[in-house]
Amino acid sequence: MAVKRKHIIITAAVICVIAIAAFAGSLTTSKSEKIYVVEKGPFEATLTCKGEINGLVSTPIPMPKILGDRELRIWELKILDLAQDGKYVKKGDFIMQLDASQIMSGMRQERQNLETAEADLKNARIDSTVRLTALREDIKNAKLDLEYNKIDLEQSIYESAAYQRKAQMTYKKAENTIAKKKRDYQLEQNKLKMGVARTEERVKRSQEKIEKFQQAMQAARIFAPEDGIVIFGESWDGSKYSKDGDISTWSNGPPIATLPDMSEVISETYVKEIDISKIKVGDKVRVSFDALEGVIISGKINSIARVGEDHKDFDMKVFKVLIHLDESNDGLKPAMSSNNEIILAQKEEALFVPLKAVISENGEDFVYLSKHGETEKTPVTTGFENEEFVLIESGLQEGDKVILSPVLEEI
């Protein structure tokens with residue numbers, strides 16, 4: 001029993017020694033982790049944002065202008081069929097078929113209007129001919145009366161003065177009657193001419209409208225204006241155009257589709273307003289792609305929007321940024337997502353410290369240095385930062401020992 005008890009005591013003592021050593025080691029490790037020795041080395045700070053790939057140049061396929069003609073009163077059409085989104089098409093290939101039933105209905109109604117207008121024009125011309133013929137006969141008869149009165153006037157010289165006066169008045173009245181009938185004829189002729197002209201204009205407008213409907217019938221089937229990869233546009237609710245969907249005929253609206261040229265590529269991205277001051281036109285960018293593993297293409301910022309905008313994927317204002325890629329790749333497709341690393345700072349030799357070593361207070365940055373067992377508060381000027389480190393512009397030297405996450409009470 002004594003031997004057994006002795007073994008138990010020895011074993012317990014060994015376990016205690018191991019535990020104490022482990023605890024001491026952990027304290028030493030913890031203590032060492034609180035110090036960071038400043039060294040010079042390569043430093044890079046980036047701003048990462050998602051983007052969408054597209055061709056630098058693209059050919060838009062707009063809504064045919066004739067379909068948006070207000071006179072046709074066609075505001076929306078159904079999509080009966082369309083090419084596959086992302087498919088390569090050649091010039092003249094099929095893009096989209098719109099439902100033309102509304103166009104046909106309007107054309108039938110206009111043909112009826114044309115028949116009515118043509119019948120009205122025929123009647124107007126007949127009425128004009130009949131009316132003017134009757135007026136010309138009246139003028140002819142009035143001229144005969146004038147001749148008769150002229151003879152009577154000439155013979156009145158053999159009559160009394162009173163009779164002569166009466167003959168003169170009768171002749172003058174006949175002259176006035178002819179003049180009035182001629183004026184009436186001219187007025188009626190102008191009136192009838194205007195009536196016929198208005199009806200002719202109705203016929204002409206109706207014919208032109210029917211011709212527009214015929215053009216709209218042809219325009220309801222849309223073809224590719226150039227070679228390219230077809231990328232369909234979006235409707236007002238943000239959804240892509242698809243079969244059995246509706247599409248506005250507004251010709252000044254967004255294009256039905258685009259045919260991007262992928263020989264020169266851009267990435268369209270958005271940068272939050274809190275980060276927009278960090279970047280500038282010409283900054284280098286590394287672009288990678290979720291769909292192309294291992295493919296990384298360099299590029300640079302081509303343009304930055306001057307005005308911020310609201311975006312459904314962000315909770316603050318964002319600025320549109322276009323990144324021009326230095327080269328293309330056969331695997332790149334329009335609307336493919338990209339990961340854009342905008343290089344904010346890149347130095348081969350720089351001083352930097354971990355983020356948790358820098359403390360900000362009253363708008364100033366400082367660190368705590370460990371010198372000969374003592375702590376010294378030192379102001380620093382910081383620059384760009386990445387996920388782990390911050391660039392030190394001034395205030396530190398290589399070899400300085402910086403305390404990480406300092407807690408003064410423990411120092």
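A salt bridge here is a side-chain nitrogen of Lys or Arg within 4 Å of a carboxyl oxygen of Asp or Glu. The model is predicted: local features need pLDDT of at least 70, side-chain atom pairs count only at pLDDT 80 or more, and totals for chains, interfaces and linings use all residues. Residues are numbered from 1 along each chain as its sequence is written, and side-chain values use heavy atoms, with hydrogens and water left out.

**Exercise 1.** Find how many salt bridges the whole structure has, then work out which parts Lys212 and Glu71 tie together.

*Solution.*
- Step 1: a search of the whole structure gives 22 salt bridges.
- Step 2: one of them joins the side chains of Lys212 and Glu71, at 2.9 Å from N to O.
- Step 3: Lys212 belongs to helix H3 (residues 161-219) and Glu71 to the loop between S2 and strand S3 (76-82), so this pair connects parts 141 residues apart in sequence. Helices (H or I, at least four residues) and strands (E, at least two) are DSSP runs, numbered from the N terminus.
- Step 4: Lys212 counts as partly exposed at 23% relative accessibility, and Glu71 counts as partly exposed at 32%. The classes are buried under 20% relative accessible area, exposed over 50%, and partly exposed in between (1.4 Å probe, protein chains only).

**Exercise 2.** Describe how Asp184 and Lys180 are placed in helix H3.

*Solution.*
- Step 1: their side chains meet in a salt bridge (2.9 Å, N to O).
- Step 2: the two are 4 residues apart in H3, which means a separation of about one helical turn.
- Step 3: Asp184 is partly exposed at 33%, and Lys180 is partly exposed at 44%.

**Exercise 3.** Decide whether Asp313 and Lys312 are buried or exposed.

*Solution.*
- Step 1: the side chains of Asp313 and Lys312 form a salt bridge at 3.6 Å, N to O.
- Step 2: Asp313 has 54% relative accessibility and counts as exposed.
- Step 3: Lys312, at 76%, also counts as exposed.

**Exercise 4.** Identify the strand that supplies the largest share of the largest nonpolar core.

*Solution.*
- Step 1: a nonpolar core is a set of buried Ala, Val, Leu, Ile, Met, Phe, Trp, Tyr and Cys residues joined through side-chain atoms within 4.5 Å.
- Step 2: the largest has 44 residues, and those with the most contacts inside it include Ile279, Phe289 and Val353.
- Step 3: S14 provides the largest share of this core, 7 residues.
- Step 4: strand S14 (residues 337-354) also holds Glu349, which counts as exposed at 56% relative accessibility.
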